[in-house]
Amino acid sequence: MTAFRDLRQYIEHLTETLGEDEVRRVEGADWDLEIGAITELLAEREGPALLFDDIPGYPTGFRVFTNFMGTAARCAVALGLPADTPKLDIVRAWKDMSRDLRLVSPVEVATGRVLENVLEGDAVDLTSFPTPRWHDGDGGRYIGTACMVITRDPDSGWVNVGTYRACVQGKDRLSLWMLGNRHARAIAHKYWDRGQACPIAVVVGQDPILSTAAAMAAPAGVSEYDLAGGLRGEGVEVLHAPGTDLPVPADAEIVIVGEMPPLEEESVLEGPFGEWTGYYTHSGQETVVRVRQILHRDDPIILGAPPMLPTIPAGDQAVPLYSSTVTWDHLEQAGVQNIRGVWGYARQLMMVISIEQTGAGDAMHALLAAAGRKRTGGMERYFVVVDEDIDITDVNHVLWAMFTRVDPSESIHVLRSPTTAIDPRLSPAKRAAGDLSMGIVLIDACKPFPWKDQYPRANRVDEAYRAQLRERWKATLPL
């Protein structure tokens, strides 16, 4: 895997690997809705990564970078794979790499580029950065959409890194929405129970491997820094934010350092925010960070991954790729045989599994195993299993299987399962009762095994002949 030193090296690598048009520089877009809307319009077309500069009201060089992993090619590059790696091979490579992953501890260094500017006291001003208001219904300007939130367990010293939405609430106040079952919230409670505020750092702008690791939810006691080091093949260079024992990436773009008091001591109205489900979710009194220090590089870059409709290839495709990876690995660990691939649609709202059937019950085994995977915030609603002749990375193929190989009276099953607090289908009554359960659908879209060999033959050109045609006509036809 390529070990990118920082976000800027990744941006340079994208243009070197995929061409100058892969990163589009946009000058003059406004922070209020325009950056978010342009990001969404280009993401809908799987367009280029976007580097916004000359944002009205802010100095030239104070930038925002979006759609940073918005295509399979950019995900491949970020993971150190050839840019033309087929989608399913990206998932397969990540699965194999993750299974054999060796944790690599971060490397502490004395200094780094993030210390080019150290702001304290009256100089602390979060409003000095061109934080976008991404959606017209957002309750504020969210500087943290692809951020790293760093806390340290006061008992064990374990450093946890997670991703939570972060909203600018004033010059020296930042709000965070952290669900109660997240590691950072549990660590904060340890401080609060002792009558102390929780030391915290929020990193805004880091390389894509760090962004990916922060969203991976490592087991308690395992630092996401160690995961990132394993993925990179070398330890992440970190330094302690001045006056703290919190390690932050030495070459991060922006680091916000402070403390988080308990809710009863100080809170702020947070939200609503247009979440990845495609709806505005959650507004209420939430935790704040009392900012006492800001570190940033010269000409800092905010890394943005604004949530969009889940059917849009969003700025960070690593999340659905990772869901596919861990689901595939879980299926293998559960003893499901002859898996040919796993692919997630609409982020992970629909998980599709390809198998080669060797016996009756194989399809249901795969469905039940996939539905039984423990999830930390996901909202998988539909699980579909198909035969190996279906290209699961092409939604039209998946729909063809669902439309022609499913008997609704026999092939569809509904179960109950936990969901996430941002699920828009949860009724107000269930939310008030703390009932986060939701139905999930298991769909067997395989040919019925007992008469699989007698199933009508498909009239589609086979893959071998397709490959011949592509080679023969590649100079004249976009096949």
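Me: Not counting residues up to four places away in sequence, which residues does Glu224 touch?
Reply: This is a predicted model, so we're reading computed contacts here. Glu224 sits in helix H7, which covers residues 224-232. Leaving out residues up to four places away in sequence, its contacts are Val159, Asn160, Val161, Ala213, Ala214, Ala217 and Ala218.

Me: Okay, is Glu224 buried or exposed?
Reply: Check its relative accessible area, which is 3%. The cut-off for buried is under 20%. So Glu224 counts as buried.

Me: Which residue's backbone nitrogen lies 2.9 Å from a polar atom of the Glu224 side chain?
Reply: Val159 is 65 residues from Glu224 along the chain, yet their C-alpha atoms are separated by 8.0 Å. Val161 is also one of the residues Glu224 touches. The backbone nitrogen that lies 2.9 Å from a polar atom of the Glu224 side chain belongs to Val161.

Me: Switching to the open sheet of 5 strands, which are its edge strands?
Reply: Lay the strands out in order and you get E20-E21-E22-E24-E23, with mixed pairing. An edge strand here pairs on one side only. That gives strand E20 (339-345) and strand E23 (412-418).

Me: Which residue in E21 is the bridge partner of Trp343?
Reply: E20 and strand E21 (residues 350-355) pair in the antiparallel sense, over 6 bridges. Look in E21 for the partner of Trp343, and you land on Val352.

Me: At about what angle does helix H10 run to E21?
Reply: Helix H10 takes up residues 395-404. H10 lies across E20, E21, strand E22 (382-387) and strand E24 (437-444). Relative to E21, helix H10 runs at about 75°.

Key. Residues numbered from 1 in each chain as written. Predicted model: local features only at pLDDT ≥ 70, side-chain atom pairs only at ≥ 80, totals over all residues. Heavy atoms only, no water. Helix = DSSP H or I, 4+ residues; strand = E, 2+ residues; numbered from the N terminus. Buried < 20%, exposed > 50% of the residue type's maximum accessible area, 1.4 Å probe, protein only. Contact = heavy atoms within 4.5 Å. Polar contact = N/O pair within 3.5 Å; in protein donor to acceptor, adjacent residues only side chain to side chain. Pairing = 2+ DSSP bridges. Axes fitted to C-alpha atoms, helices over the stretch in contact; angles between N-to-C directions.
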